[in-house]
Structure formats: structure tokens, C-alpha cells
Amino acid sequence: MKKFLSFAGALLMLVSCSQKSARWTPEQAQAWYDAQGWLVGCDYIPANAINQIEMWSADTYSHDLIDKELGWAEGLGFNTLRVYLSSVVYENDPEGLKTRMGDFLDICSTHSIRPLFVFFDDCWNAESAYGKQPEPKPGIHNSGWARDPSDPLRADTLALYPKLEKYVKDVLTAFSADSRVLLWDLYNEPGNSNYGAASLPLLKNAFKWAQEVRPSQPLTAGVWRNDLKALNTFQLANSDITSYHNYSGDMADQQHTIDTLKAYGRPLVCTEYMARTKGCTFQNTLPILKGNDVAAISWGFVAGKTNTIFAWDTPLPDLAEPEVWFHDIFRQDGTPYSQAEIDCIKALTGVAE
């Protein structure tokens, strides 16, 4: 009997793990999405942080600044933010990171905002380190933003992956039932920085680790480039909800992307759009996203140390600011770059003047 009970217990654990790791059905995903109302917001980092490490480190995390800036977000009718975490901060101060995440969620709650958190990222600088971060390079877009994990660490996956698994599982477990968290974005633009399909193993592991925790919130990783076939196929086959990036100024392309991705039968979240010099603006893109019931998350909020008012490929080191901002909505004193944009956003979010 004891042996049978042991076997039965083991079987029950296996079944439980298998159920825990299950991807949401399309019906579950749609029911969750329908309960949210229209989601609209931005990719957010406070103006005093050059990257994820500076945002979340104990010495530079700024409760008061975040609270002030999120007040401006609430004023626009934003109800979500996409926010990058940092494995570097976690490795050096795991409990501190989770405490500050809790504080950030408290601030969000006071402004009726539910954020989504991003774990990994293939964009911008190849190396990073804990401690004091570099100062911005004048006129250079995201001059201090760091890939996560950094490039040198990726060579030894036997050493790296156990650390990253602990990071993902610990953070997800800590907030797995927290209603203040909207969803989890496991990997930003896998394959960027010329990694291509070399990012597939980490992408697969990110989903495996997250599905083993199986938080109450949905999991996703956004598709962003058509030619990354293996990555796109895996992302679309494993995300609970479909997320994507589109900075095109061609509204026919925006609509085609929406139509193509809706064919997968899951709700859509556009986790990056809005690049003025590429013709992708709030005025032409946000109505299309709302009209198609697509969650709309634009890049950038307050012009700050990330220098994302400057374009990706157009450095302007001799200018304090470009004539046309690439990203971002507000200056650091709370005045908008464009009142017409503010009026457009508020009209679509239904904020009363």
C-alpha cells in the first residue's frame, strides 16, 4: 500500500506539473482579455535611469519620481506600462529587486495602472555591470541600454542558465498570484543584435521556466521581424496571448499585421509602436489599434537619460533635442512635446478634460 501511495503521489505530482505548464487555450486567453477593457499605455523607464539596472538598483530607484511620472500617465488615461526588469540587479540583490517591484506595483495601483514586466532583451549594448551606470552619450539613442543577459555571459550556458532559471522562477513565484501584474513578457526582440536563431535556446528555456511556475497572468514574447522564422514560429505557438512590434508609418501594413496575427486566434497586444520620423504616430496608429481591439503600448514616456527622443539610426551629438522627437511624450517638467498628441490620446482613452 505504501509503495502504491508513493507511486500515486508521484503520478499526481506529474499530472499537476503537466497541468501547471499548460499554455492557455484560445478561449482562456480571450476571456482574460475581454475582462481587461481596452489596454493602452507605454514602455516606461523613469527619466533618471539610463537602463534597467539604474531603474532597479537600490541606490538609484526613485519612488517619488516614478510616482510623479505615473501621475502624468494616469492623466492620459493610460492603464498599463511595459517595464524591463534586470537579471543583473537580481543576481546582486534578489530580495531588494522584489521589494522594489512590490513598491513599483503599489505606485502603479494608486494610478490605476497594471504593468507588464519584461525579463530578457537582445537590444543595444553587449556588456553591462552592476553599480554606477554610464552617463548618456549626447544625441545617441539608448546609449546606455544593456542586453540582458549580457553578451559575454552567453558563451557559457551551463553556468548562465541555472542563474537565469532561478531569476525567472523566483520573480514569477513571488508575483504569480498578484492581481497588480497584468502579464509577463518573457523576451524582448529575441534574435536582435544579429543573434538570429542563436537566441532560440534561451527563448525556449524562458517559456519552459515560466510555464513550470505557471503564474495566474498570461505569458508572451512578441514577434518583431518577419524573417526570424524559427523564433516567430516558437513565439506564436507558445504565447498565451499574441504580442508584436510594429513601427511602420504605412497604415495598410499596420492593418495587415493585425489581420495576419489575429488569424492565430488569440488576442493581440502591440507592445511597441510610435516612431515619429518613420511616420508612425499616435494620430495615425492609435485609432487603428483601438478600432481593431488591439492593446496599444507605445515606446517611451518622459524624455530622459535613455535619449530616445533621438532616432535609432540618426545620432545628433551636437543637438540638445531634435526638431522632431523620435519617441517619448513629456519633458521632465511635465509639459508635452505635442499638445495635439495629448488631445488625440485623451480622446481615444476617454479622459475628460
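How many residues apart in helix α6 are K98 and E95? The views below, which are taken from a predicted model, begin with this pair.

**View 1. A salt bridge within helix α6.** K98 and E95 are 3 residues apart in helix α6, which means that about one helical turn separates them. Their side chains meet in a salt bridge, with an N to O distance of 3.1 Å, and K98 is buried, its relative accessible area being 14%.

**View 2. The buried face of helix α7.** Helix α7 covers residues 157-175, and its end C-alpha atoms lie 26 Å apart, in agreement with the 27 Å that its 19 residues should span at 1.5 Å a residue. Its buried residues, among them L160, Y161, L164 and F175, fall within an arc of 130° when seen down the helix axis, so they line one face of α7. These buried residues pack against α5, α6, β3, β4 and α8, whereas the exposed residues L158 and K166 are carried on the face turned away from the buried side.

**View 3. A salt bridge between helices α8 and α7.** The side chains of E212 and K169 meet in a salt bridge of 2.5 Å, N to O, and this pair links distant parts of the chain, with E212 in helix α8 and K169 in helix α7, 43 residues apart. E212 is partly exposed at 33% relative accessibility, and K169 is likewise partly exposed, at 23%.

**View 4. The surroundings of E189.** E189, in the loop between β4 and α8, is buried yet has no salt bridge, and R82, the nearest side chain of opposite charge, is 6.9 Å away. The side chain of E189 is joined to that of H245 by a polar contact of 2.8 Å, and the residues that E189 touches include D122, C123 and W224.

Notes. Residues are numbered from 1 along each chain as its sequence is written. This is a predicted model: local features need pLDDT of at least 70, side-chain atom pairs count only at pLDDT 80 or more; totals for chains, interfaces and linings use all residues. Side-chain values use heavy atoms; hydrogens and water are left out. Helices (H or I, at least four residues) and strands (E, at least two) are DSSP runs, numbered from the N terminus. Buried means under 20% relative accessible area, exposed over 50%, partly exposed in between (1.4 Å probe, protein chains only). Lys and Arg count as positive and Asp and Glu as negative; His and the chain ends are not counted. A salt bridge is a side-chain nitrogen of Lys or Arg within 4 Å of a carboxyl oxygen of Asp or Glu. A polar contact is a pair of N or O atoms within 3.5 Å; within protein, one must be able to donate a hydrogen and the other to accept it, and residues adjacent in sequence count only if both atoms are side-chain atoms. Contact means heavy atoms within 4.5 Å. The expected span of a helix is 1.5 Å times one less than its number of residues. The arc is that of the directions from the helix axis to the C-beta atoms. Lists of a residue's contacts leave out its neighbours within four places in sequence.
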